[in-house]
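The exercises that follow are meant for a reader who is meeting this structure for the first time. Each one sets a task, and a worked solution then goes through it step by step.

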Amino acid sequence: MALRNILTSEEKLLHKHCREVTSFDDRLHTLLDDMRDTLMQADGVGLAAPQVGVLRRAVLVLETNVPEGEQPYVIELINPEIIESSGEQYGPEGCLSVPGRFGLVKRPMEVTVRAQDRDGKTFEAKGEGLTARCFCHEIDHLEGVVFTSRADRMLTDEELQSGSWMEEENGEDEVE
């Protein structure tokens with residue numbers, strides 16, 4: 001396995017539509033394994049193939065909604081598509097390709113995706129909360145969309161640390 005460089009949002013490649021994966025071979029397996037190592041090294045919760053310079057429809061999402069005492073695990077999604085979504089969440093979102101920046105983004109609270117595994121077998125995965133956010137975020141990357149274009153606005157470091165953005169979510173205006 002190898003670590004791959006994570007492209008930043010200035011790279012034109014990140015704004016391109018990805019092609020469907022049609023070969024479920026050793027080359028794909030190597031890409032997925034390298035992406036896993038890269039994701040873990042970067043301490044992220046999701047990574048899409050275009051973020052490592054490959055215009056193919058492949059993403060990894062770290063499932064963090066696990067019972068206490070169990071370890072989070074990586075979900076590999078090849079050719080994913082959102083087939084159902086419900087609810088709403090609004091909050092800060094970041095990206096390994098936009099280091100150190102966070103913006104307020106509205107996403108569904110629950111998302112079901114249909115995808116293929118590394119061997120081409122079709123399956124469905126359901127995500128809630130952060131996992132649902134990650135499914136949407138990473139699938140956006142496959143369409144050439146970076147979260148900054150979906151953000152209502154970018155947060156300052158002070159807003160992020162103080163949590164003052166939550167007043168917007170609750171419809172409260174802070175009076176100074």
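Helices and strands here are DSSP runs, with at least four residues for a helix and at least two for a strand, numbered from the N terminus. The model is a predicted one.

**Exercise 1. Place Gln-51 in the chain, decide whether Gln-51 is buried or exposed, and describe its surroundings.**

Step 1. Gln-51 belongs to the loop that runs between β1 (46–48) and β2 (58–63).

Step 2. A residue is called buried when its relative accessible area is under 20%, and Gln-51, at 0%, therefore counts as buried.

Step 3. A polar atom of the Gln-51 side chain lies 2.8 Å from the backbone nitrogen of Ala-48.

Step 4. Once neighbours within four places in sequence are left aside, the residues in contact with Gln-51 include Asn-5, Ile-6, Leu-7 and Leu-14, and among them are also Cys-95, Glu-138 and His-141.

**Exercise 2. Check whether the length of helix α2 agrees with its number of residues, and work out how far the helix is enclosed.**

Step 1. Helix α2 covers residues 130–142, which is 13 residues, and at 1.5 Å a residue the helix should span 18 Å. The expected span uses one less than the number of residues.

Step 2. The end C-alpha atoms of α2 are 19 Å apart, which agrees with the expected value.

Step 3. Of the 13 residues of α2, 12 are buried, so the helix is largely enclosed by the rest of the structure. Among these buried residues are Thr-131, Cys-134, Phe-135, Ile-139 and Leu-142.

Step 4. Just after α2 comes Gly-144, which takes a positive phi of about 85°.

**Exercise 3. Describe the sheet that contains β4, and say how α2 is placed against β4 and β5.**

Step 1. Three strands form an open sheet in the order β4-β5-β8, and their pairing is antiparallel.

Step 2. Both β4 and β8 (153–154) stand at the edges with a single partner strand each, so one side of each has no neighbour in the sheet.

Step 3. Six bridges join β4 to strand β5 (residues 98–107) in the antiparallel sense, and Cys-95 has Val-98, in β5, as its bridge partner.

Step 4. Helix α2 lies across β4 and β5, and its direction makes an angle of about 50° with β4.

**Exercise 4. Which parts of the chain do the salt bridges Arg-36 to Glu-76 and Glu-93 to Arg-133 tie together, and how accessible are the residues involved?**

Step 1. The whole structure holds 12 salt bridges, and in one of them Arg-36 meets Glu-76, with the closest N and O atoms 3.1 Å apart.

Step 2. Because Arg-36 lies in helix α1 (residues 26–42) and Glu-76 in strand β3 (residues 73–86), this pair ties together parts that are 40 residues apart in sequence.

Step 3. Arg-36 is partly exposed at 29% relative accessibility, whereas Glu-76 is buried at 12%.

Step 4. Glu-93 and Arg-133 form a salt bridge through their side chains, with an N to O distance of 2.5 Å. Since Glu-93 is in strand β4 (residues 89–95) and Arg-133 in helix α2, this pair too ties together parts 40 residues apart in sequence.

Step 5. Glu-93 is buried, with a relative accessible area of 3%, and Arg-133 is buried as well, with 7%.

Step 6. Salt bridges with shared partners bring Glu-93, Arg-107, Arg-133, Asp-140 and Arg-150 into one network.

Methods:
Residues numbered from 1 in each chain as written. Predicted model: local features only at pLDDT ≥ 70, side-chain atom pairs only at ≥ 80, totals over all residues. Heavy atoms only, no water. Buried < 20%, exposed > 50% of the residue type's maximum accessible area, 1.4 Å probe, protein only. Salt bridge = Lys/Arg side-chain N within 4 Å of Asp/Glu carboxyl O. Polar contact = N/O pair within 3.5 Å; in protein donor to acceptor, adjacent residues only side chain to side chain. Contact = heavy atoms within 4.5 Å. Pairing = 2+ DSSP bridges. Axes fitted to C-alpha atoms, helices over the stretch in contact; angles between N-to-C directions.
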